[in-house]
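User: I'm new to reading structures, and I'd like a close look at how the inside of this one is packed. Please go through it step by step and explain each term when it comes up.

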Amino acid sequence: MRGVALWFFASAVVYVSLGMIFGLWMSASGDHMLAPAHAHLNLVGWVTMALFGVYYHLVPAAQGRLATLHFALATIGVWLMAPGIALAILGKTEVPVVIGSFCTLASMLLFLAIVLMNASARTADVRMGAAPAE
Ligand code: HEM
């Protein structure tokens, strides 16, 4: 795995590690008020980003400038959305979660375009024992 695929997958692992620490803190403190922020850090940060990483690993031809823009939008989305949900729950401000949500949606729509543009691209051979793709 390398390039945008690695960026997505490595950042997903960072987000789930932070999400787990957050979850452990909620468990230990008994304060579950920010559970929706924890859930979105894990589901948008870990599950969604990891799936993007797997896609770019499977379809290396999709890596390029649009994929880099996709990574930037998705990253800004996670950074604004997860803490933004916490700030909104705490009654501080809703601005970050609104901007983060639109960045996250935009990143998914861009991903849709990338998937369709690469619909006939060759898929990497990921069978056991197959030579790694160059
Ligand atoms: C060390 C690992 C984790 C710990 C200690 C943890 C802890 C928690 C706690 C304490 C809650 C609040 C439960 C409640 O109020 O009913 C929660 C909710 C939740 N967690 Fe986790 N969690 C962990 C990992 C994950 C992961 C990996 C995911 C998703 C991939 C996840 C998704 C969710 C979801 C969807 C909710 C419900 C949020 C809501 O009700 O608004 N959690 N978790």
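Analyst: Let's start with the word we will use most: two residues are in contact, or touch, when heavy atoms of theirs lie within 4.5 Å. Try it at the start of the chain, where Met 1 touches Leu 6, Phe 9, Gly 53 and His 57, leaving out residues up to four places away in sequence. Keep in mind that this is a predicted model, where local features need pLDDT of at least 70 and side-chain atom pairs count only at pLDDT 80 or more, while totals for chains, interfaces and linings use all residues. Residues are numbered from 1 along each chain as its sequence is written, and side-chain values use heavy atoms, without hydrogens or water.

Now the overall plan. The chain has four helices and zero strands (DSSP runs numbered from the N terminus: H or I of at least four residues for a helix, E of at least two for a strand). Read from the N terminus, the order is α-α-α-α. The C-alpha atoms fill a box of roughly 50 × 30 × 15 Å along the principal axes. Of the 134 residues, 37% are buried (under 20% relative accessible area; over 50% is exposed and in between is partly exposed, with a 1.4 Å probe and protein chains only). Many contacts span a long stretch of sequence: among those between residues at least 6 apart, 72% join residues at least 24 apart.

Next, the inside itself. The largest nonpolar core has 22 residues, and Phe 8, Met 49, Tyr 55 and Tyr 56 touch the most other members. Such a core is a set of buried Ala, Val, Leu, Ile, Met, Phe, Trp, Tyr and Cys residues joined through side-chain atoms within 4.5 Å. Helix 1 (3–29), helix 2 (35–58), helix 3 (65–89) and helix 4 (95–117) each give two or more residues to this core. Helix 2 gives the most, with seven residues. There is also a second, separate core of six residues, including Leu 34, Met 81, Ala 86 and Val 97.

Zoom in on Phe 8. Leaving out residues up to four places away in sequence, Phe 8 touches Met 49, Phe 52, Gly 53, Tyr 56, Ala 67, His 70, Phe 71 and Ala 74. Val 4 sits in helix 1 and counts as buried because its relative accessible area is 4%. Beyond its neighbours within four places, Val 4 touches Tyr 56, Gln 63, Ala 67, Thr 68 and Phe 71. Val 4 and Ala 62 are 58 residues apart in sequence, yet their C-alpha atoms are 9.5 Å apart.

Compare two methionines. Met 1 lies in the segment before helix 1, and Met 33 lies in the loop between helix 1 and helix 2. Met 1 is partly exposed because its relative accessibility is 44%, and Met 33 is partly exposed with 44% too. Outside its neighbours within four places, Met 33 is in contact with Ile 89 and Leu 90.

How do the helices pass one another? The axes of helix 2 and helix 3 come within 8 Å and cross at roughly 170 degrees (axes are lines fitted to C-alpha atoms, for helices over the stretch in contact, with angles from 0 to 180 degrees between N-to-C directions). These two helices are therefore roughly antiparallel (over 145 degrees; under 35 is roughly parallel, 65 to 115 roughly perpendicular and the rest oblique). Among the residues making this contact are His 40, Met 49 and Phe 52 of helix 2 and His 70, Phe 71 and Ile 85 of helix 3.

Helix 2 and helix 4 have axes that come within 13 Å and cross at roughly 20 degrees, so helix 2 is roughly parallel to helix 4. Their contact includes Phe 52, Tyr 55 and Tyr 56 of helix 2 and Met 108, Phe 111 and Ile 114 of helix 4. The axes of helix 3 and helix 4 come within 7 Å and cross at roughly 150 degrees, which makes this pair roughly antiparallel.

One last stop on helix 2 is His 38. Its NE2 atom is the single protein donor to the iron atom of the ligand, 2.0 Å away (donors are N, O and S atoms within 2.8 Å of the metal, or 3.2 Å for Na, K and Ca; water is not among the atoms, so sites may look incomplete).
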